[in-house]
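Thanks for making room for this on the agenda. I would like to walk through the strands and helices of one model, and I will try to keep each statement to what the coordinates support.

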Amino acid sequence: MASGLGVLVTSGDSQIGDIFSALEGALDRTTWRSSSLLNERNGDGKLPLVLLGHANELRFKATANERKTGAEVVNHLVATRKLAPSKFGFVFLAGCRGAHTNREGLYIDVGNAIGLPVLASTTSVSMGRSGSKVSFTPIEKGEWKVYYPDEGVVYNLRLERCKHFRDVLASVEIQVNDAASF
């Protein structure tokens with residue numbers, strides 16, 4: 001049975017842990033450091049691989065004192081845990097500041113390492129849940145950007161070309177909102 005996959009990258013953070021718990025039932029879930037193999041996980045070529053964690057423009061916050069590049073996280077999932085990226089449609093960086101500029105950032109690092117489009121926010125993200133739905137909203141006039149590694153091009157999520165990302169995320173109870181004005 002096809003299912004998206006949620007991977008908890010940041011450990012030891014209660015807010016991130018709550019959001020990760022809310023994804024139960026909508027996605028298969030694992031932590032990126034787990035030793036279980038992922039070769040049987042299948043997103044049917046369209047469902048997302050969700051990387052959940054705190055981030056800055058260039059690195060994930062794995063723990064309070066440890067930062068990892070997108071390539072380090074992806075390489076561990078693929079080489080050690082046997083994740084097959086082609087079984088998923090795209091990567092959703094469910095955290096803060098994954099999209100830095102149109103030429104650099106965590107989303108570009110992840111996309112180049114995994115070979116899938118990557119959706120990320122340009123700013124910090126407000127995360128919340130209501131029932132079984134989890135929502136992610138950029139703050140500080142942020143935007144959602146999608147990096148296509150095969151083209152080396154970045155698009156705004158609002159474009160018609162990127163509508164399917166919102167639709168697929170909604171199908172697994174994840175909502176990406178436009179920027180909030182705080």
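Strand 7, residues 118–121, and strand 10, residues 144–148, run antiparallel and are joined by four bridges, and within that pairing L119 has V146 of strand 10 as its bridge partner. Please keep in mind throughout that this is a predicted model.

That pair belongs to an open sheet of seven strands with mixed pairing, and the order across the sheet is 2-1-3-6-7-10-11. At the edges stand strand 2, residues 28–31, and strand 11, residues 153–156, and because each has a single partner strand, one side of each is left without a neighbour in the sheet. From one strand to the next, the twist averages 25°.

Which strands does helix 4 lie across? Helix 4, residues 163–171, lies across strand 3, strand 6, strand 7 and strand 10, and its direction makes an angle of about 75° with strand 6, which covers residues 90–94. Helix 1, residues 14–22, lies across strand 1, strand 2 and strand 3, where strand 1 is 5–8 and strand 3 is 48–52, and this helix runs at about 165° to strand 1.

Helix 1 also takes us to another sheet, since it lies across strand 8 and strand 9, running at about 45° to strand 8. This sheet is open, too, with three strands in the order 8-9-12 and mixed pairing. Its edges are strand 8, residues 125–130, and strand 12, residues 174–176, each of which has a single partner strand, so one side of each has no neighbour in the sheet. Ignoring direction, neighbouring strands here are turned by 20° against each other on average. Strand 9, residues 133–138, pairs with strand 12 in the parallel sense over three bridges, and one residue to look at there is S135, whose bridge partner in strand 12 is Q175.

Turning to helix 3, residues 106–114, its buried residues are L106, Y107, I108, V110, G111 and I114. As general background, residues three or four places apart in an α-helix point the same way, because there are 3.6 residues a turn. Helix 3 is followed by G115, which has a positive phi, near 75°.

Finally, the cysteines: how many disulfides does the model contain? The count comes to zero, taking a disulfide as a pair of cysteine sulfur atoms within 2.5 Å. With buried meaning under 20% relative accessible area, C96 is buried because its value is 10%, and C162 is buried because its value is 0%.

Key: Residues numbered from 1 in each chain as written. Predicted model: local features only at pLDDT ≥ 70, side-chain atom pairs only at ≥ 80, totals over all residues. Heavy atoms only, no water. Buried < 20%, exposed > 50% of the residue type's maximum accessible area, 1.4 Å probe, protein only. Helix = DSSP H or I, 4+ residues; strand = E, 2+ residues; numbered from the N terminus. Pairing = 2+ DSSP bridges. Axes fitted to C-alpha atoms, helices over the stretch in contact; angles between N-to-C directions. Contact = heavy atoms within 4.5 Å.
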